[in-house]
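Q: Got a minute to go through this model with me? Let's take it piece by piece.

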Number of protein chains: 2
Amino acid sequence: MYTISEISRLTQTTAHTIRYYEKEGLLFPSRTANGVRRYDETQLTWLRFVLRLRATHMPIEQIRQYVDLFLSSSDEHDTTNDRLRLLEAHQQTVRAQLQELKQTEQMITDKIAAYRRLHPSVSTDPVRSP
Amino acid sequence: MYTISEISRLTQTTAHTIRYYEKEGLLFPSRTANGVRRYDETQLTWLRFVLRLRATHMPIEQIRQYVDLFLSSSDEHDTTNDRLRLLEAHQQTVRAQLQELKQTEQMITDKIAAYRRLHPSVSTDPVRSP
DNA sequence: TTACACGTTAAAGTGAACTCTAAGTCAAGC
DNA sequence: GCTTGACTTAGAGTTCACTTTAACGTGTAA
């Protein structure tokens with residue numbers, strides 16, 4: 001079991017942010033008798049999953065939806081399909097981001113190459129604006 | 001020459017945002033006698049360049065730095081190297097974003113595959129938390 | 001036992017990037 | 001001449017995701 005400062009170090013995330021994620025309903029650490037948070041491997045894995053989604057700009061609200069579906073799932077009420085749909089939707093936005101990034105990476109690479117070819121002339125700058 | 005509503009349509013960006021970018025020093029459209037903004041192809045190209053950088057999360061402040069260097073460049077004071085350095089720095093962040101996105105894309109794909117294999121069982125959910 | 005590191009909370013504050021409001025000007029069409 | 005719609009401005013408001021503050025509790029080493 002880890003303290004908040006330990007998983008803070010392990011995930012390179014401030015304790016502040018970890019508490020904030022808990023307040024937003026993304027994490028559910030257990031507590032000691034006097035209310036100190038304790039994190040097990042499962043919670044650590046979950047936090048890493050959340051951080052992955054955040055790094056790809058999934059809004060906290062959407063992550064919470066996923067968590068809520070997870071928690072509300074039972075034999076009578078299966079939420080697998082809903083979760084699958086959320087993941088597939090996010091997969092689409094991740095792929096769109098990848099497209100955009102690849103194109104911009106190419107643009108920057110081209111521009112850098114142009115700058116290098118022309119250096120040190122500025123008058124013939126490849127950008128030609130404003 | 002385009003009006004603000006025309007380049008708004010052409011770039012899928014609200015006129016509000018385009019004026020905001022101008023206020024932030026990223027665009028310099030000319031004006032008609034009574035102060036109405038007019039955009040030429042160069043300004044349109046420039047806006048598209050700005051939108052590319054924004055789509056890859058370059059902060060407006062950094063874009064402005066690039067613009068400022070561009071505008072302050074002259075025969076006596078060459079800013080090519082500084083601009084090159086800014087672009088190279090952003091190239092690094094774009095590559096880091098690409099890395100992160102690719103990894104998360106893989107993770108989501110794996111998770112979706114796992115959900116599909118196990119469907120409709122929830123008890124053996126691949127996430128196993130919280 | 002006192003110091004100090006580390007934990008707790010609710011709530012207010014921050015910064016970035018828009019987004020909207022209010023009050024106004026202006027040109028074209030009926 | 002009047003209405004409509006597109007433009008103008010400064011400045012206030014919004015949203016998101018933290019981040020800080022203030023005030024306090026707890027455990028352990030010197």
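Q: How far is the side chain of Ser5(B) from a phosphate oxygen of DNA strand D?
A: In this predicted model, an N or O atom of the Ser5(B) side chain sits 2.8 Å from a phosphate oxygen of DNA strand D.

Q: And Asn34(A), how far is its polar side-chain atom from a phosphate oxygen of that strand?
A: 2.4 Å, for a polar side-chain atom of Asn34(A) and a phosphate oxygen of DNA strand D. Arg54(A) also reaches a phosphate oxygen of DNA strand D, with a side-chain N or O atom 2.9 Å away.

Q: Which residues come nearest to DNA strand D?
A: There are 16 residues around DNA strand D, and the nearest are His16(A), Tyr21(A), Asn34(A), Arg19(B) and Arg37(B). Of the strand D atoms that come within 4 Å of the protein, 76% belong to sugar and phosphate.

Q: Which elements supply at least two residues of that surface?
A: α2 (15-23) of chain A and α1 (4-11) of chain B. The largest share comes from α2(A), with 4 residues.

Q: What's the class split near DNA strand D?
A: 6 nonpolar, 6 polar and 4 charged residues.

Q: Switching to strand C. Which residues come nearest there?
A: Ser5(A), Arg19(A), Arg37(A), Tyr21(B) and Asn34(B), out of 16 residues around DNA strand C. Sugar and phosphate make up 74% of the strand C atoms that come within 4 Å of the protein.

Q: What are the distances from polar side-chain atoms to phosphate oxygens of DNA strand C?
A: For Ser5(A), 2.7 Å. For Asn34(B), 2.8 Å. For Arg54(B), 3.0 Å. The elements giving two or more residues to the surface near strand C are α1 (4-11) of chain A and α2 (15-23) of chain B.

Q: Which element gives the largest share near DNA strand C?
A: α2(B), with 4 residues. By class, the surface near strand C holds 6 nonpolar, 6 polar and 4 charged residues.

Q: OK, the protein copies. What rotation superposes chain B on chain A?
A: One of 180°, with 0.0 Å of shift along its axis and an RMSD of 0.1 Å. The two copies are thus related as by a two-fold rotation axis.

Q: Which residue of chain B comes closest to the rotation axis?
A: Leu98(B), whose C-alpha is 3.3 Å from the axis.

Q: How many residues are in contact between the chains?
A: 50 residues of chain B touch 50 residues of chain A. All of the chain B interface residues, 100%, are also interface residues in chain A, so the copies meet through the same surface.

Q: How much area do chain B and chain A bury between them?
A: About 4700 Å², with 70% of it on carbon and sulfur atoms.

Q: How many salt bridges are there between chain B and chain A?
A: 6 salt bridges. One example joins the side chains of Glu105(B) and Arg95(A), at 2.8 Å from N to O. Chain B and chain A also share 16 residue pairs in polar contact, counted with both residues at pLDDT 80 or more.

Q: Which elements of chain B give two or more residues to the side that touches chain A?
A: α3 (41-55), α4 (60-72) and α5 (80-118) of chain B. The most comes from α5(B), with 25 residues.

Q: And the class split on that side of chain B?
A: The side touching chain A has 21 nonpolar, 17 polar and 12 charged residues.

Conventions: Residues numbered from 1 in each chain as written. Chains lettered and ligands numbered in written order. Heavy atoms only, no water. Least-squares fit on C-alpha atoms with pLDDT ≥ 70 in both. Contact = heavy atoms within 4.5 Å. Near = heavy atom within 4 Å. Polar contact = N/O pair within 3.5 Å; in protein donor to acceptor, adjacent residues only side chain to side chain. Nonpolar A, V, L, I, M, F, W, Y, C, P; charged D, E, K, R; others polar. Buried area = accessible area lost by both parts, 1.4 Å probe. Salt bridge = Lys/Arg side-chain N within 4 Å of Asp/Glu carboxyl O.
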